[in-house]
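The following exercises ask the student to read a protein model step by step. Each task is followed by a worked solution.

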Amino acid sequence: MKKIKKKIAVYYNKLVELGLNIGSEGNISFRDEKTIFITPSGVDSSKLNENKIAEVDFNGRVKNKIKASSELFMHLFIYRERPDVKAIVHCHSEWASIVSCQRLKIPAFHYMVAEFGGVDIKCAKYSTFGTKKLAFNVLDALKLRNGCLISNHGQLTLGNSIEDALHLAISLEKLSKQFFFCNLTEKLKLLNKNEMNKVLKLFKNYKSKH
Ligand SMILES: [Zn+2]
């Protein structure tokens, strides 16, 4: 348990080092069978350590007297609905936030979009941060997907491990930047469903990351 809490603190700092977050923005969580371990509310990444990670049960009750992230509902609702998910990374990375402010989904402009589980990456509808409504909107955008943008806010990614979820967060940031610029021109050509299905099949069969 201590090991996973330490890992959350290390990766929360990694988000800052990678330029995906600043200060106490965003949050990371990991779940085991009975507990969700999640970054606390309002603690700067530089001051975070394993003793400050909140522990919450699946009804949202705090188990160790530490106030969980303000986006606890997002994490809670995802873990309840998606037993396949073990870790969640949420951040306000620059390019994902820019595309989220345009409220655009990312279409099949690059084959790596398939890494997120389908032919596009959705943008969750806007609602005030920290609300149940926002958590529902995010859950909806994650249907059959491992990540999404969140309108006028940022991005969220899922994984079997914190490493997996972080990998997707970096990938979504990169795809958002590429899509932003491609979308400025009339020359953007999208991949068709047939081509994307081939890639989705390859990803499924080989769990390739290339
Ligand atoms: Zn946020």
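The exercises below treat the overall fold, one helix and one strand.

The model is predicted: local features need pLDDT of at least 70, side-chain atom pairs count only at pLDDT 80 or more, and totals for chains, interfaces and linings use all residues. Residues are numbered from 1 along each chain as its sequence is written.

**Exercise 1. Describe the overall fold of the protein.**

Step 1. The protein has six helices and seven strands; helices (H or I, at least four residues) and strands (E, at least two) are DSSP runs, numbered from the N terminus. Along the sequence they follow the pattern α-β-β-β-α-β-α-β-α-β-β-α-α.

Step 2. The radius of gyration is 17 Å, close to the 17 Å that the globule rule gives for 210 residues, so the protein is as compact as a globular protein of that length. This radius is taken over C-alpha atoms, and the rule is 2.2 Å times the number of residues to the power 0.38.

Step 3. Of the 210 residues, 39% are buried. A residue is buried if 20 or more other C-beta atoms lie within 10 Å of its own, exposed if 12 or fewer, and partly exposed in between, with C-beta atoms placed from the backbone.

**Exercise 2. Determine how the buried residues of helix α1 are arranged.**

Step 1. Helix α1 comprises residues 2-17. Its buried residues are K5, I8, A9, Y11, Y12 and L15.

Step 2. Seen down the axis of α1, these buried residues fall within an arc of 170°, so they line one face of the helix. The arc is that of the directions from the helix axis to the C-beta atoms.

Step 3. On the other side of α1, K2, K3 and E17 are exposed. The cover over the buried residues of α1 includes β1 (27-31), β2 (36-38), β4 and α5 (162-182).

**Exercise 3. Establish the surroundings of strand β7.**

Step 1. Six of the six residues of β7 (residues 154-159) are buried, so the strand is largely enclosed by the rest of the structure. G154, L156 and L158 point one way, and Q155, T157 and G159 the other way.

Step 2. Two strands pair if DSSP finds at least two bridges between them. Strand β4 (residues 87-91) runs antiparallel to β7 and is joined to it by five bridges; I88 stands opposite L158.

Step 3. Strand β6 (residues 147-150) is also antiparallel to β7, with four bridges, and L149 has Q155 as its bridge partner. β6 and β7 form a hairpin with three residues between them, where N152 in the turn has a positive phi of about 50°.

Key: The expected span of a helix is 1.5 Å times one less than its number of residues. Two residues are in contact if their C-beta atoms, placed from the backbone, lie within 7 Å.
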